[in-house]
Amino acid sequence: MCPSRTQPEPLKPTYMPVFLTKKERKKLRRQSRREAWKEEQEKVRLGLEAPPEPKLRISNLMRALGTEAVQDPTAIEAKVREQIAKRQKTHLEANKARALTKEQKREKVDRKIREDTTMGVHVAVYRINDLFECASAKFKVEVNAQQLHMTGCVVLHRGCCVVVVEGGPKQHAKYKRLMLNRIKWEEEMIKECDGTEVPNSCHLVWEGTTAHRAFGEIKFKVMPTEKQARELFQKHKVEHYWDLAYSGAVLGTSDEP
């Protein structure tokens, strides 16, 4: 007698989520609000609920109450102001009930900043002439990368400092604006080998996508020699980042690919 085999469970159908446009979402919200209003009106018509009192304001006082407002205007005005205060209080209490806590706000901001990089990681390589003496710029380079939840590495080498950042496209757009526009590199004067002072500069050497991240949390590494710097990138199997940046520094090209 052959052993009984369990029947395989039938595959459950999978449904793709439907993403609505902004116009469709507004239309759906408008329809649902109208249905709720119709249902409320029907309950009032059948006597299941009391009709809501008229929404009084100082501007529509005479139009809403008519002769009643003329008979005792002082009492009616006090009643209207009381109703306005009640509506304001209800509104503030509803806002307070919906308000997020500090932790929820932080999670919401982090959720907006973080991006899904499972389909590919966007990488950008920047070359800076000198980052040793620029304390303010170093702080911005590091803190902004941490706030945007980007990974990468900053290599400090005399004459060629390299910043590599990894993340999503939106994160890179913000970081690129920081590196090329917000930080005024030309205002920082640096000394060349012969002692002459020249303005600092930052260039975008390369940007593209890779399958996975090569670095962890962004850190600064001081590399006295070019060989040590290249070995660091070689350790992470991205030595071509250093080759691109260092070749541009040696050749002194200003036009980056």
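Here are legends for five close-up views of this predicted model. Residues are numbered from 1 along each chain as its sequence is written, and side-chain values use heavy atoms, with hydrogens and water left out. Because the model is predicted, local features need pLDDT of at least 70 and side-chain atom pairs count only at pLDDT 80 or more, while totals for chains, interfaces and linings use all residues.

**View 1. N200 sits in a loop between two strands.** The loop joins β5 (197–199) to β6 (202–210); strands here are DSSP runs of E with at least two residues, helices are runs of H or I with at least four, and both are numbered from the N terminus. N200 is buried, at 3% relative accessible area. For these legends, buried means under 20%, exposed means over 50%, and partly exposed is in between, using a 1.4 Å probe and protein chains only. A polar atom of the N200 side chain lies 2.7 Å from the backbone oxygen of D130. Leaving aside residues up to four places away in sequence, N200 touches I128, N129, D130, C134, W185, E186, E188 and I190, where a contact means heavy atoms within 4.5 Å.

**View 2. Two salt bridges each lie within one helix.** A salt bridge is counted when a side-chain nitrogen of Lys or Arg comes within 4 Å of a carboxyl oxygen of Asp or Glu, and the whole structure has seven of them. In helix α1 (residues 22–46), K43 and E39 are four residues apart, about one turn of the helix; their closest N and O atoms are 4.0 Å apart. Both are partly exposed, K43 at 31% relative accessibility and E39 at 49%. Helix α4 (residues 73–98) holds the pair R81 and E77, again four residues apart, about one turn of the helix. Here the closest N and O atoms are 3.1 Å apart, with R81 partly exposed at 48% relative accessible area and E77 partly exposed at 34%.

**View 3. A salt bridge joins D243 and R230.** The side chains of this pair meet at 2.9 Å, N to O. D243 belongs to helix α9 (residues 239–251) and R230 to helix α8 (residues 226–235), so the pair ties together parts that are 13 residues apart in sequence. D243 is partly exposed at 30% relative accessibility, and R230 is partly exposed at 27%. Elsewhere, D130, E133 and R158 are joined into one network by salt bridges that share partners.

**View 4. How many disulfides are there among the cysteines?** The count is zero, taking a disulfide as a pair of cysteine sulfur atoms within 2.5 Å. C134 is in no disulfide, and its nearest cysteine sulfur, that of C161, is 8.5 Å away. C134 is buried, at 3% relative accessibility; this cysteine is also one of the residues that N200 touches in View 1. C153 is in no disulfide either, with the sulfur of C161, its nearest, 11 Å away. Like C134, C153 is buried, here with a relative accessible area of 5%.

**View 5. An annotated span covers residues 124–245.** In an unreviewed entry, UniProt lists these residues as "domain: Small nuclear ribonucleoprotein Prp3 C-terminal". UniProt positions are given in the numbering used here, feature names are shortened, and annotations may be inferred rather than shown by experiment. The span is 36% helix and 30% strand, and its end C-alpha atoms lie 11 Å apart.

Methods:
A polar contact is a pair of N or O atoms within 3.5 Å; within protein, one must be able to donate a hydrogen and the other to accept it, and residues adjacent in sequence count only if both atoms are side-chain atoms.
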